[in-house]
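Let's take a friendly walk through a protein chain together. Keep the picture beside you as you read, and turn it whenever a new part comes up.

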Amino acid sequence: MARTMVLPKIGVNLEKITLCRWLVKVGDKVGEGDAILEAETDKATQEFFATDSGFVAALLAGEGDTVLVGADLMVFVDEGEEYVAPAVPAADVAEPAPVAPVAPVAPVASVKAPDAEPGASVRPLSVGAPATSGRPRISPLARKLAKSLGIDPSQVPPRVPGGRVTGAAVRDYADVAVATSAAGGQKGIAPSGIRKVIAERMSQSASEKPTVALTVSVDATALLLLRGDYKQEGLPLSVDAVFVRTVAAALRLHPMLNAAFVGEGVVMNERVNIGVATDAPAGLIVPVVKNADEKSLFEIGEELAGLSERAINGEFTAEDVSGSTFTITNLGMFGIEEFTPIINPPECAILGIGAIVPQFCPDDAGQPVLKKLMKLTLVFDHRIVDGAPAARFLRDVKQFVERPVLML
């Protein structure tokens, strides 16, 4: 008897996939739980598994297709059974649309690539013509990244002449124009892969969420001393790890900031899962430290280091980047002192962390004292929480940073 498998729902937020590659073909014998396809979700590229067993009689979606959760994927039959696809009524068959003529596209003269490492010469990034003759040398990460962005690796020039194509070179290529129309106007790459997901989610957040931003200055002296103590013990600790623990402690005191607006109502999250925005070659990736309020600072530091490494190397899994209830984002390493981040939907809030800047401040006697200050900006969804509760949350985060013993 023929049985149709539909795309199963995996995770709370999964709504659709982009089918990258079938791992089976018609006629193959498949067991329940076997990997049948690779697909790109809004989080990562991952394998999907059979929910039934039998022989593959038909594949109902093609590589590159977008498939919604619950839509038909494939048909199974028993051994020896013949499958006849249902006929499509003539009325349901649409006439093929006429294909408009495509104007010839002239190559861009050249686009300057970003600066390379000191001492390395950089050639202009000529887009529209193959970057090299013959087979380009390309790193495994760059090849994987190019595939996720829908880019032909042979079109990507290395950052250094004669060098191999790296993930950074692929990202450079994805950020510049690829063609010029006959009228001379520039045309950009249509967003795809992770970049497309980021665009969709940020547009959703900006259009749906009535947001408010609150900023406070924080004395980071105690935070730096805490990191120094851990370093002396041979336990490197990032600023982000400290803030994961800090925010997790504050969220336990202010659970509304850990909520989410779903549909027409507010959903209270029982777990405190902190996402950390990470700059990776593929784009913005947000690894998630699960149950951060139940872990020690050392445990958070170790886990976050592993998550960040996998994100940067393109080796992260869907589990690594799913389930966040609150996000932190740090641009301090770039010298950015203050900024207003966009909330990661459907979360209630996000915390932006600025650079640590030496600054003279008056003491109780009015004398100048050199302090190391940083600015924290909390952006929150006003549908879920009001200004005063959000301010109390930010006040507690400030207190925990300035007196870490209170949150350990």
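Does Met 333 count as buried or exposed? Met 333 counts as exposed because its relative accessibility is 53%, and a residue needs over 50% to be called that. Please keep in mind that you are looking at a predicted model. To find Met 333, look in the loop that runs between strand E18 (326-330) and strand E19 (349-353). Its C-alpha atom lies 6.4 Å from that of Ala 355, although the two residues are 22 residues apart along the chain.

Now step back and take in the whole chain. You can trace seven helices and 21 strands in it. The chain has 408 residues, and 41% of them are buried. It exposes about 21,800 Å² of surface, with carbon and sulfur atoms supplying 55% of that area. How do distant parts of the sequence come into the picture? Take the contacts in the chain with a separation of 6 or more: residues 24 or more positions apart account for 62% of them.

Let's return to E19, the strand at one end of the loop that holds Met 333. Five of the five residues of E19 are buried, so this strand is largely enclosed by the rest of the structure. You can check this from both faces: Ala 349, Leu 351 and Ile 353 are buried on one side, and Ile 350 and Gly 352 are buried on the other. E19 also has pairing partners. It runs parallel to E18, and four bridges join the two strands; within this pairing, Thr 329 has Gly 352 of E19 as its bridge partner. With strand E21 (residues 368-381), E19 pairs in the antiparallel sense over five bridges. There, Ile 350 has Val 379 in E21 as its bridge partner.

Next, turn to another group of strands. Which order do the four strands of this open sheet follow? The order is E1-E8-E6-E3, and the pairing is antiparallel. Strand E1 (3-6) and strand E3 (29-30) are the edge strands, each pairing on one side only. Elsewhere in this sheet, strand E6 (residues 54-59) and strand E8 (residues 72-77) are joined by four bridges. One place to look is Phe 55, whose bridge partner in E8 is Val 77.

Loops can hold buried residues too, as two examples here show. One of them is Lys 209, in the loop between helix H3 (193-208) and strand E11 (211-219). Lys 209 counts as buried because its relative accessibility is 8%, and the cut-off is under 20%. Its side chain reaches the backbone oxygen of Glu 347 at 2.8 Å. Beyond its neighbours within four places in sequence, Lys 209 is in contact with several residues, including Ile 343, Pro 345, Pro 346, Asp 381 and Arg 383.

The other example is Asn 258, found in the loop between helix H5 (239-253) and strand E12 (260-262). Why does Asn 258 count as buried? The reason is its relative accessibility of 3%. The side chain of Asn 258 is joined to that of Thr 325 by a polar contact of 2.6 Å. Leaving aside neighbours within four places in sequence, Asn 258 is also in contact with other residues, among them Leu 251, Asn 269, Arg 271, Val 272 and Phe 326.

Definitions and conventions: Residues numbered from 1 in each chain as written. Predicted model: local features only at pLDDT ≥ 70, side-chain atom pairs only at ≥ 80, totals over all residues. Heavy atoms only, no water. Buried < 20%, exposed > 50% of the residue type's maximum accessible area, 1.4 Å probe, protein only. Pairing = 2+ DSSP bridges. Polar contact = N/O pair within 3.5 Å; in protein donor to acceptor, adjacent residues only side chain to side chain. Contact = heavy atoms within 4.5 Å. Areas by Shrake-Rupley, 256 points an atom, 1.4 Å probe, with all protein chains shown as cover.
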